[in-house]
Amino acid sequence: MTRSAVIVGGNRTPFVKAGTSFAAASNSDLLTAALDGLAARFGLAGRRLDEVAGGAVLKHSRDFNLTREAVMGSALDPTTPAVDLQQACATGVETVVYIANKIALGQADVGVGAGVDSASDAPITITEPLRRALLRANRARSLPERLRALATIRPHHLAPVAPQVVEPRTGLSMGEHQAVTTAKWEITRQAQDELALASHRNLAAAWDSGFFGDLVTGYLGVNRDGLLRPDTSLEKLAVLKPAFGGPDGTMTAGNSTPLTDGAAAVLLAEEGWAEANGLPRLARLVDAQVAAVDHTSGDDLLLAPTDAAARLLERQGMALGDFELYELHEAFAATVLATLAKWEKSGLGTIDTDRMNVTGSSLAAGHPFAATGGRIVATLAKLLHARGSGARGLVSVCAAGGQGIVAILEAV
Amino acid sequence: MSVRELPELPSLVPLFAKAVLPSLDRGPARIPGDTVLVRGVGQDLGRLADYDRVCGFGLSEVVPPTWLHVLTFGLHIELLSGRDSTIRLAGVVHVSNRMRLHRPVVVTDRLDVSARATNLRPHKRGALLDIVGEVHVDGELVWDGVSTYLAPGAKVPGTDEQLAREEYVPTTPNAVWRLPADLGRQYRAVSGDPNPIHTSRLAARAFGFARPIIHGMWTHARLLAAVQPRLPDAYAVEVGFARPILLPGTVGAWWRPDAGGWVAAVTDRAGAKPYLTARITPSP
C-alpha cells in the first residue's frame with residue numbers, strides 16, 4: 001500500500017523585525033512557542049510524535065540539540081525524538097521533506113517539520129587568534145606552557161565577532177550577490193517595488209480576512225506580523241535609497257527582506273493515520289528537489305531553485321503551468337523576478353503572477369531564515385485545500401551557498 | 001477588614017530599609033489587619049525575560065506562577081515594615097509556601113495585586129504568620145499564594161503549632177545544578193528582593209551563615225521550571241524550605257510523577273538531605 005504524507009496544518013509565531021518585540025527571546029523560546037501553539041491547535045499536548053525536525057541558521061554552539069530541547073520544553077510528550085537540520089534558508093522546507101519522506105517510507109506516522117531564527121539573539125563569537133590561544137592554554141600541561149599560549153593574545157584579538165551574512169568563498173553578502181544577478185537579468189526598480197507592494201497588500205488582505213487565524217499564534221503580546229506595512233505605496237517605496245548595487249542600484253530596504261525573528265512549525269501525518277485520528281488533511285507533499293549552483297564561478301547565487309524546478313518537473317512529467325498557485329520566497333523582490341526571467345529564458349515557461357504569493361510573502365512578512373519554509377508550506381497547503389481536491393502548488397526557496405529547494409503540494 | 005490601596009507596587013530598597021529596623025514594641029506580636037492592593041499592575045517583558053532566564057524557564061507569553069509571587073513580594077515587605085506590625089520582614093524565615101494558578105496568565109494581562117497578613121500563631125521558636133497574596137485579572141482570581149513565615153522570638157499567646165513536614169525519603173537526584181557565587185545577585189536583579197544575606201558574605205555571617213544563601217523562591221522557581229512543560233493550565237504547588245543553600249554550591253534535584261501530580265525536591269548532591277521539597281497538584 002502506498003503511503004503518502006499530508007500536511008495537517010501549521011503554526012507560527014508572528015514574524016517581527018529583529019531587535020524589537022522578540023529581542024529577549026532565544027531560538028529555543030521561539031521554537032517552543034511555535035510547537036506549543038501547534039500542540040494546542042491539534043490536541044497534541046502530552047502526545048508522543050514520531051519525530052520533530054527543526055533547525056536554525058543563526059545558531060549558538062550551546063544549542064547543538066536545539067529542536068530536542070525545544071520539544072522537551074514544549075507541551076509535547078518528552079519522549080518525542082527530534083533532529084536538527086540546517087540548509088540555510090531552505091531549512092524550513094527540508095525539515096518538512098525529511099518528515100514527509102519518513103512518513104512515506106513507513107518510518108513514521110506523524111511528525112513536525114519546523115524552523116526558527118532569531119537575528120536578535122545571534123551568537124557573538126571570539127576572534128580566531130583568541131580562540132586558538134585559549135584552546136592551546138587549555139591543552140597546556142604546565143603553567144609556563146599555559147602562559148606562553150596566553151601571551152600570544154593581543155588586545156585587538158579581544159573584540160567580539162558578530163555573525164556575518166556573507167558567502168565565505170566570495171566575501172560578498174547575499175544582497176551584493178543578488179545585485180549582480182539583478183543587473184544581469186535587467187530587473188528594474190519599478191518591477192521590484194511593484195512586487196514588494198503586492199506582497200504587503202496581499203499579506204494585509206490575508207490578515208484582514210482572518211486567513212492566518214489558524215496559522216499563527218500570538219507571542220509576547222504580538223498578534224500580527226510586525227513588518228507588514230499595509231499603507232505602503234509605490235511612491236513611498238520609490239524614495240528609498242539603494243541598499244545594494246552601488247549608487248545606481250535598484251535594490252532598497254523596501255524590496256529586500258530585513259533581519260527578522262520568528263518560528264514556524266508544520267504538522268505532517270500519513271494520510272490514513274490522519275484520517276483515523278480525526279486530523280485535517282490539507283495537502284499531500286508530492287515531491288521535492290534540491291539543487292545547487294556554482295556561484296563561486298559566476299552562477300547566480302540565489303537562482304538554484306530554477307535548476308531544482310527543471311529537474312523536479314521533468315521527473316514528475318509536469319510543466320510549469322500545471323499549478324494553481326506558486327509560492328516563491330521573496331529573499332529580495334529581484335530574486336523572484338530573476339527566477340521568473342530565468343524560467344522563461346530556459347524554456348520552462350511563464351506563470352500567471354496573479355497566482356503567485358497570493359497571501360503575501362517574505363518582503364511583507366519578514367524572513368526569519370529557517371522559519372520561512374514552514375510559513376510557506378502551511379500557507380500553501382491551506383490555500384490549495386480551499387481550492388479543492390487535486391489543486392497543485394509549487395514552492396520555491398533559495399538559500400545561501402548557491403542552493404535552492406522546490407516542492408510540489410497537492411490538495412487532498 | 002479594610003483595604004488600603006497603593007498607587008503602585010512599592011519600591012523595595014527603601015521599604016526594606018524600614019523592614020530591617022526592629023520594632024521597639026516589646027508587647028505581644030501584632031500584624032496589620034488591612035489588605036494592601038495595587039490595581040492595574042503592568043508586567044515588564046524585559047524583566048520577565050530576565051527572570052525566566054535566571055530561574056530556568058523558557059520565555060513564553062504565559063508567565064510562571066512564581067513570577068506572580070515576585071510581583072506580590074513588595075506588598076509582603078509593605079505589610080511587615082509598618083507601625084502596625086511588630087514583625088519585620090528582614091527578621092523572618094520563609095518556612096513554606098503554596099500557590100495556586102487558576103488559569104494561565106499572560107504577560108500582557110494587567111493585574112490587580114493584593115496581599116494581607118493573617119493567621120498569627122505561636123511556634124516553639126517564636127510565631128508563625130501567613131501572607132496571603134492574590135492576583136486578579138478583570139475581577140477574576142487567577143492566582144493566589146500563601147507564604148508562611150517564622151518570626152523568631154515573637155510572642156503570641158496560645159499553644160505552639162507544629163509545622164507539618166512530610167518525612168523525606170532519600171532519593172537519587174536526576175539532575176545536578178551548579179549555583180554560581182553571583183546567583184544571589186542575579187536573582188536580586190530580577191526579583192527586587194534586596195535582602196543582603198543573599199549577596200553579602202558579611203550580612204550572611206551576621207545571620208549565622210558562612211556564605212550568602214540563595215533566595216528560597218529562586219530554588220522554588222528553578223524546580224518548578226524543570227517540571228513546568230508537563231503541567232496543566234491550572235495547578236497548585238506547595239513547597240517546604242528545609243534548609244538554606246550556600247553560594248556557590250552544587251545541589252541535586254529530582255522530580256517524578258506522583259498521584260496524578262508531581263513530587264520533587266532540591267537536595268544535596270547525594271539526594272540524602274532536602275533543601276526544598278515540593279508537591280504539585282493539578283487543579284480539578
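**Notebook: cores, contact surface and backbone of a two-chain model**

I looked up the largest nonpolar core and found that it has 115 residues, and that those with the most contacts inside it include A:Val112 and A:Leu267 from chain A, along with B:Tyr51, B:Leu68, B:Leu111, B:Leu179 and B:Tyr187 from chain B. I note here that I am reading a predicted model. A second core, separate from that one, has 53 residues, among them A:Leu58, A:Val93, A:Leu215 and A:Ala371. I keep in mind the general tendency of nonpolar side chains in soluble globular proteins to be buried together.

**Entry on B:Leu179 and B:Tyr275**

I then took B:Leu179 from the list for the largest core and looked up what it touches: leaving out residues up to four places away in sequence, I found B:Ile214, B:Trp218, B:Ile245, B:Leu247, B:Pro248, B:Gly249 and B:Val251.

I turned next to B:Tyr275, which I located in strand E11 of chain B, a strand that covers residues 274-282. Is B:Tyr275 buried or exposed? I count B:Tyr275 as buried because its relative accessible area is 16%, and the cut-off for buried is under 20%. Its contacts, not counting neighbours within four places in sequence, include B:Gly240, B:Phe241, B:Ala242, B:Ile245 and B:Val251, and also B:Val266, B:Thr267 and B:Asp268. I also checked B:Tyr275 against B:Leu68, which is 207 residues away along the chain, and found their C-alpha atoms separated by 23 Å.

**Entry on where the chains meet**

How many residues of chain A are in contact with chain B? I found 17 residues of chain A in contact with 11 residues of chain B, and the two chains bury about 930 Å² between them, with 51% of that area on carbon and sulfur atoms. On the chain A side, A:Ala24, A:Asp29 and A:Leu220 supply 47% of the area that this chain buries against chain B, which is more than any other three residues supply. The count of salt bridges between the chains is one. I found A:Asp29 in a salt bridge with B:Arg53, where the closest N and O atoms are 3.0 Å apart.

**Entry on a surface patch**

On the surface I looked up a nonpolar patch of about 440 Å², made by A:Ile126, A:Leu134, A:Leu143, A:Leu147 and A:Leu150. Helix H5 of chain A, residues 143-151, gives the largest share of this patch, with three residues. A:Leu134 sits in helix H4, residues 128-139 of chain A, and I count A:Leu134 as partly exposed because its relative accessibility is 40%.

**Entry on the backbone**

I read beforehand that most residues other than glycine have a negative phi and that most peptide bonds are trans. The peptide bond from B:Leu247 to B:Pro248 is cis, with omega near -10 degrees, and I placed B:Pro248 in the loop between strands E8 (235-241) and E9 (249-258) of chain B.

Where does A:Asn357 lie? I found A:Asn357 in the loop between helix H11 (333-345) and helix H12 (362-365) of chain A, and its phi is positive, about 50 degrees, although it is not a glycine. A:Asn357 counts as buried, at 3% relative accessibility.

B:Ala259 is not a glycine either, and has a positive phi of about 50 degrees. I located B:Ala259 in the loop between E9 and strand E10 (261-267) of chain B, and I count it as exposed because its relative accessible area is 74%.

Terms used: Residues are numbered from 1 along each chain as its sequence is written. Chains are lettered from A and ligands numbered from 1 in the order in which they are written. This is a predicted model: local features need pLDDT of at least 70, side-chain atom pairs count only at pLDDT 80 or more; totals for chains, interfaces and linings use all residues. Side-chain values use heavy atoms; hydrogens and water are left out. Helices (H or I, at least four residues) and strands (E, at least two) are DSSP runs, numbered from the N terminus. Buried means under 20% relative accessible area, exposed over 50%, partly exposed in between (1.4 Å probe, protein chains only). Contact means heavy atoms within 4.5 Å. Patches are made of residues with over 30% relative accessible area and no salt bridge: like charges are joined within 9 Å, nonpolar side chains (Val, Leu, Ile, Met, Phe, Trp, Tyr) within 5 Å. Accessible areas come from the Shrake-Rupley method with a 1.4 Å probe; for residues, only the protein chains shown count as cover. A salt bridge is a side-chain nitrogen of Lys or Arg within 4 Å of a carboxyl oxygen of Asp or Glu. A nonpolar core is a set of buried Ala, Val, Leu, Ile, Met, Phe, Trp, Tyr and Cys residues joined through side-chain atoms within 4.5 Å. Buried area is the accessible area (1.4 Å probe) that two parts lose on being put together, summed over both.
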